Amino acid sequence: MDAIVFALLNGTIYGLLLFMVSAGLTLIFGMMGVLNFAHASFYMLGAYFAFTLQPWLGFGFAVVAAALLAGAVGMAVERFFLRRVHRHGHAHELLLTFGLSFIIAELIKLFFGNHPVDYRVPAALDGPAFAIGAQQYPLYRLLMGGVALVMFGAVYLLLTRTRVGIVVRSAIYKPQMAEALGHNVQRVFMGVFGVGALLAGLAGAVAGAFYTTSPNMALEIGVMVFVVVVVGGLGSLGGAMVASLLLGIVTSFAVGVDASLADALGLVGAGAWAEGIGGLLTLKLSSLAATLPFALMLLILLVRPQGLMGEKA
């Protein structure tokens with residue numbers, strides 16, 4: 001029972017981390033129609049900014065400053081790069097952001113080296129939150145989950161309950177009317193892209209202290225972020241939350257299951273036959289945990305191409 005509770009907690013926190021990163025990408029695509037290939041690079045920038053600033057500002061202020069810096073970089077990218085190719089279509093935007101992700105990764109290696117840096121959870125937060133049985137659950141994991149929930153609530157309220165959200169949505173669906181009313185649509189888009197990058201930077205600054213901060217961290221989480229966005233539905237913030245939790249919990253439970261199809265067939269007397277065939281029938285579910293999110297994505301695309309909470313085209 002303790003193992004199940006821990007797997008559920010770990011899966012939930014990992015899912016919330018995925019949401020922290022994918023929320024910005026979902027926001028950018030939903031608001032601007034830009035599928036940003038470099039989004040995970042802003043996640044990495046947030047971690048490295050926080051690592052650099054922590055000795056001078058302390059952990060808390062460094063996290064906030066890192067998120068703001070990542071947002072500023074995002075606004076600069078939109079203003080000086082994406083805006084120039086936006087009129088040429090999605091292919092040019094994809095190529096630009098794809099190349100930008102490599103440039104950011106190489107710059108990180110140039111300044112910090114091709115190895116992990118010593119970015120750690122501060123001592124005040126590096127302790128247990130509670131114990132279940134003989135195991136203690138880290139306080140910082142719960143903090144990461146709390147930050148993700150606050151982020152979700154803040155973005156949702158901003159878009160649905162404030163004048164800023166009304167202006168943003170009007171700039172998306174009726175840009176000419178929004179301009180006629182005196183709103184600078186280009187500036188709105190730049191702000192949306194900046195906020196998306198800020199959210200990714202905040203996720204990196206918070207998660208980088210718990211996980212490994214290295215030049216490969218963007219690549220490691222970037223693929224999963226796109227899986228989350230596809231499964232949840234392109235542009236759906238609620239869908240991103242649901243998909244993140246689903247993928248996180250499924251992966252967490254799968255890692256702890258040391259069973260195979262042969263074991264299941266053994267319940268009906270076909271275990272020896274399955275063992276004799278081997279192959280996929282004898283593969284442990286734990287060894288397939290990393291592939292389950294992609295299998296789920298394929299299933300969703302076959303059954304509901306617009307995603308769990310996406311709108312039909």
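**Entry 1: helix H1 against helix H10**

I start with a term I need here: a crossing is left-handed if the near helix is turned anticlockwise from the far one by less than a right angle, and right-handed if clockwise. I also note that this is a predicted model.

With that settled, I looked up how H1 and H10 cross, and the crossing is right-handed. Helix H1 covers residues 2-32 and helix H10 covers residues 237-255. Their axes come within 7 Å and cross at roughly 145 degrees. I then asked what kinds of residue make up the contact of H1 with H10. I found 14 nonpolar, nine polar and no charged residues there.

**Entry 2: Ser22**

Staying with helix H1, I picked out Ser22, which sits in it. Is Ser22 buried or exposed? Ser22 is buried, because its relative accessible area is 0%, and the cut-off for buried is under 20%. Leaving aside neighbours within four places in sequence, I listed its contacts as Val225, Val228, Val229, Ala240 and Ser244.

**Entry 3: the nonpolar core**

Next I went to the largest nonpolar core and found 81 residues in it. Which helix gives the most to this core? That is H1, with 14 residues. The residues with the most contacts inside the core are Met32, Tyr43, Met44 and Ile221.

I followed up on Ile221 from that list. Setting aside residues within four places in sequence, Ile221 is in contact with Leu17, Leu18, Val21, Ala40 and Tyr43. I was pleased to meet Tyr43 again, as it is also among the residues with the most contacts inside the core.

**Entry 4: helix H3 against helix H4**

My second helix pair was H3 (residues 59-85) and H4 (residues 90-112). They pack at an angle of about 145 degrees, and their axes are 8 Å apart. I noted the hand as well: H3 passes H4 in a right-handed crossing.

Which residues make this contact? From H3 I wrote down Val77, Phe81, Leu82 and Val85, and from H4 His92, Glu93, Leu96, Thr97 and Leu100. By type, the contact of H3 with H4 divides into six nonpolar, two polar and one charged.

**Entry 5: Ala62**

While in helix H3 I also checked Ala62, which has its place there. Ala62 counts as buried because its relative accessibility is 1%. I looked up how it stands to Ala50: the two are 12 residues apart in sequence, and their C-alpha atoms are 5.0 Å apart in space. Ala50 is also one of its contacts, together with Leu53, Gln54 and Leu57, once neighbours within four places in sequence are left out.

**Entry 6: the hairpin**

Then I turned to the strands. Strand E1 (residues 128-132) and strand E2 (residues 135-138) run antiparallel and are joined by four bridges. I checked two positions of the pairing: Phe130 has Tyr137 in E2 as its bridge partner, and Ala131 stands opposite Gln136 in E2.

How many residues lie between E1 and E2 in the hairpin? There are two, and Gly133 in the turn has a positive phi of about 70 degrees.

**Entry 7: two loop residues**

Leu35 lies in the loop between H1 and helix H2 (39-57). Its relative accessible area is 26%, so Leu35 is partly exposed. Not counting residues up to four places away in sequence, Leu35 touches Phe29, Leu94, Thr97 and Phe226. I had already met Thr97 as part of the H4 side of the contact with H3.

Ser214 is in the loop between H8 and helix H9 (217-232). Is Ser214 buried or exposed? Ser214 is buried, because its relative accessible area is 6%. Apart from residues up to four places away in sequence, it touches Met44, Tyr48 and Pro116. Met44 is another name I recognised from the core list.

**Entry 8: Leu198**

My last stop was Leu198, in helix H8 (residues 185-207). Leu198 counts as partly exposed, because its relative accessibility is 25%. With neighbours within four places in sequence left aside, its contacts are Ala67, Leu68, Ala70 and Gly71. I also looked up its separation from Gly182: the two are 16 residues apart along the chain, and 26 Å separates their C-alpha atoms.

Note on methods:
Residues are numbered from 1 along each chain as its sequence is written. This is a predicted model: local features need pLDDT of at least 70, side-chain atom pairs count only at pLDDT 80 or more; totals for chains, interfaces and linings use all residues. Side-chain values use heavy atoms; hydrogens and water are left out. Axes are lines fitted to C-alpha atoms, for helices over the stretch in contact, and angles run from 0 to 180 degrees between N-to-C directions. Ala, Val, Leu, Ile, Met, Phe, Trp, Tyr, Cys and Pro count as nonpolar, Asp, Glu, Lys and Arg as charged, and the others, Gly among them, as polar. Buried means under 20% relative accessible area, exposed over 50%, partly exposed in between (1.4 Å probe, protein chains only). Contact means heavy atoms within 4.5 Å. Two strands pair if DSSP finds at least two bridges between them. A nonpolar core is a set of buried Ala, Val, Leu, Ile, Met, Phe, Trp, Tyr and Cys residues joined through side-chain atoms within 4.5 Å.
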